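Let us go through this model and ask what backs each label. Each answer sets a value against its definition.

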Amino acid sequence: MAKHQFHGRICETILTEYFLRLNYYVYTPLAANGPIDLIAVHKVTHKTILLDAKKDRIRLQKNRVSPTRVHRTRSEVQKKLGVRIAYVDFDTREVYIVPPIK
């Protein structure tokens, strides 16, 4: 397994834990290659969230005061399905979801 795949799996695991703690059922698709990494269904409201997990990366720029997050573009299929991008900080285990969950 390549290093980026290894980090991706760890990010998916952190994201799974994050949603389990928020009282969601969490499912992973059987197919490894697809537009969705995780499906989260709230145990009470049954709200379903489709997620694509990404390792969070910060860009430091000389002309900016503060660092900026490297945002990934959703594919057309992800847009049609309503998939959200979940940026997972590999070190701090923080999760940042775009578009945010209300």
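Q: How many helices and strands does the protein chain have, and what makes a run count as one?
A: The protein chain has two helices and seven strands. Both are DSSP runs numbered from the N terminus: H or I over at least four residues for a helix, E over at least two for a strand. Along the sequence the pattern reads α-β-β-β-β-β-α-β-β.

Q: Why is the protein chain called as compact as a globular protein of its length?
A: The radius of gyration, taken over C-alpha atoms, is set against the globule rule, 2.2 Å times the number of residues to the power 0.38. The chain has 14 Å, and the rule gives 13 Å for 102 residues; the two are close, so the chain is as compact as a globular protein of that length. Its C-alpha trace spans about 45 × 35 × 30 Å along the principal axes.

Q: What is the basis of these values?
A: This is a predicted model, where local features need pLDDT of at least 70, side-chain atom pairs count only at pLDDT 80 or more, and totals for chains, interfaces and linings use all residues. Residues are numbered from 1 along each chain as its sequence is written, and side-chain values use heavy atoms, with hydrogens and water left out.

Q: What makes the largest nonpolar core a core, and which elements build it?
A: A core is a set of buried Ala, Val, Leu, Ile, Met, Phe, Trp, Tyr and Cys residues joined through side-chain atoms within 4.5 Å. Buried means under 20% relative accessible area (1.4 Å probe, protein chains only). This core has 15 residues; Leu15, Phe19, Ala40, Ile49, Leu51, Val88 and Ile97 have the most contacts inside it. Two or more residues come from each of α1, β1 (24-27), β2 (38-42), β3, β6 (84-88) and β7 (95-98). The largest share, four residues, is from α1.

Q: With which residues is Ile97 in contact, neighbours within four places in sequence aside?
A: Contact means heavy atoms within 4.5 Å. Ile97 meets that with Tyr18, Phe19, Leu51, Arg84, Ile85 and Ala86.

Q: Where is Val26 found, and which residues is Val26 in contact with beyond four places in sequence?
A: Val26 is found in strand β1. With such neighbours left aside, Val26 is in contact with Thr16, Phe19, Leu20, Leu38 and Ile39.

Q: How much of the protein chain is buried?
A: Buried residues make up 30% of the 102 residues.

Note on methods. Buried < 20%, exposed > 50% of the residue type's maximum accessible area, 1.4 Å probe, protein only.
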